[in-house]
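This briefing takes up two topics, the contact between two domains and the surroundings of one helix. Please read it alongside the sequence and the structure shown here.

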There are 2 protein chains.
Amino acid sequence: MERSTRQRQAIRAVLEEIDRPLSPQEVLSAAQHKVPGLGIATVYRTLKGMVEEGMAVAVELPGNPPRYERSGKKHHHHFHCIACGKAFELEGCPGDFAFMAPRGFQTQGHEIVLYGRCAECCQRNPGATTP
Amino acid sequence: MERSTRQRQAIRAVLEEIDRPLSPQEVLSAAQHKVPGLGIATVYRTLKGMVEEGMAVAVELPGNPPRYERSGKKHHHHFHCIACGKAFELEGCPGDFAFMAPRGFQTQGHEIVLYGRCAECCQRNPGATTP
DNA sequence: GACAAAATGATAATGGATTATCATTATTAA
DNA sequence: TTAATAATGATAATCCATTATCATTTTGTC
């Protein structure tokens, strides 16, 4: 039977509260503020369970192990900071890209990833930013 | 000293001839037609060397180990077939996506990946295709 | 052709992420 | 409360891609 433990509550809360895809390690760090002794194995187990239940989804960014965000959000994409490594959620999507596919190909979906520096990293080491 | 071996010639030829990003295993299979005894270690070694020389670049698709294509192509993106797993090159790019980044973020690049079925896989199991 | 050195191929070793194990702890229903 | 058992945490084990090792082969030079 599914039991409601402090650990699971903490992990679920973290994914509710932090609106960007989190790696298992990031989930661990954040959830340990709520449940100090929390172990990484429990994080993996809980994330896996949440994905199976449809409560969370894995977000795959090129060259990285999966991160996790809560499911149910509307179609969106991500920003990957090359300085701190964090992933962020972007709002909206510029459209359908099926027209890019060669003749005879059947497009079912797409992924867009922006790379650059997040606001925090731009501050830390200033330069041109999105106005 | 850099020596020109049959193995390297074969691996380089494969990347010239096949215009889509290839995994080390795909490179191995293709190059073994030219050099039967070719080993996977040589493929990894040669690909690594080609990237260092700037002759090839790694292509990272979400959730996959790097594939390799020859460098020098103009800005483009990729299509990933969910049926056969092959990656394909797409022509052109619909534009700049920096406007999608939140205020304060500095965008330096972007990646687009289309998912669906390649022409060959559509044929094998027909359905709607790009007209 | 002979030699020195780079390259190869087979495979063991490595590294990082994820999963399994298992003794201990915590939750839930009675 | 208690009993039954699911969940946890520490860590060993696993998995897979990639790299290192090393005896053998091949290349380029004389």
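**Domain interface in chain A**

Across the interface of domain 1 of chain A and domain 2 of chain A, zero salt bridges are found by the rule applied. The model is a predicted one, and the values below are to be read accordingly.

- Chain A is divided into domain 1, which covers residues 6–70, and domain 2, which covers residues 77–124, and the C-alpha centres of these two domains lie 21 Å apart.
- In the contact between them, 10 residues of domain 1 of chain A meet nine residues of domain 2 of chain A.
- The area buried between the two domains of chain A is about 800 Å², and carbon and sulfur atoms give 57% of it.
- On the side of domain 1 of chain A, the residues that lose the most area to domain 2 of chain A are Arg20(A), Leu61(A) and Pro62(A), which together account for 50% of what that side buries.

**Helix H3 of chain B**

- Helix H3 of chain B has 14 residues (residues 40–53), which at 1.5 Å a residue should span 20 Å, and its end C-alpha atoms are indeed 20 Å apart.
- Val43(B), Thr46(B), Leu47(B), Gly49(B) and Met50(B) are buried in H3(B); they cover an arc of only 160° around the axis, and therefore lie on the same side of H3(B).
- The buried residues of H3(B) pack against helix H1 (6–17), helix H2 (24–32), strand S1 (56–59) and strand S2 (67–70) of chain B.
- Arg45(B), Lys48(B) and Glu52(B) are exposed, on the face of H3(B) turned away from its buried side.
- Just after H3(B), Gly54(B) adopts a positive phi of about 85°.

Note on methods. Residues are numbered from 1 along each chain as its sequence is written. Chains are lettered from A and ligands numbered from 1 in the order in which they are written. This is a predicted model: local features need pLDDT of at least 70, side-chain atom pairs count only at pLDDT 80 or more; totals for chains, interfaces and linings use all residues. Side-chain values use heavy atoms; hydrogens and water are left out. Helices (H or I, at least four residues) and strands (E, at least two) are DSSP runs, numbered from the N terminus. The expected span of a helix is 1.5 Å times one less than its number of residues. Buried means under 20% relative accessible area, exposed over 50%, partly exposed in between (1.4 Å probe, protein chains only). The arc is that of the directions from the helix axis to the C-beta atoms. Contact means heavy atoms within 4.5 Å. Domain bounds come from an automatic or database domain assignment. Buried area is the accessible area (1.4 Å probe) that two parts lose on being put together, summed over both. A salt bridge is a side-chain nitrogen of Lys or Arg within 4 Å of a carboxyl oxygen of Asp or Glu.
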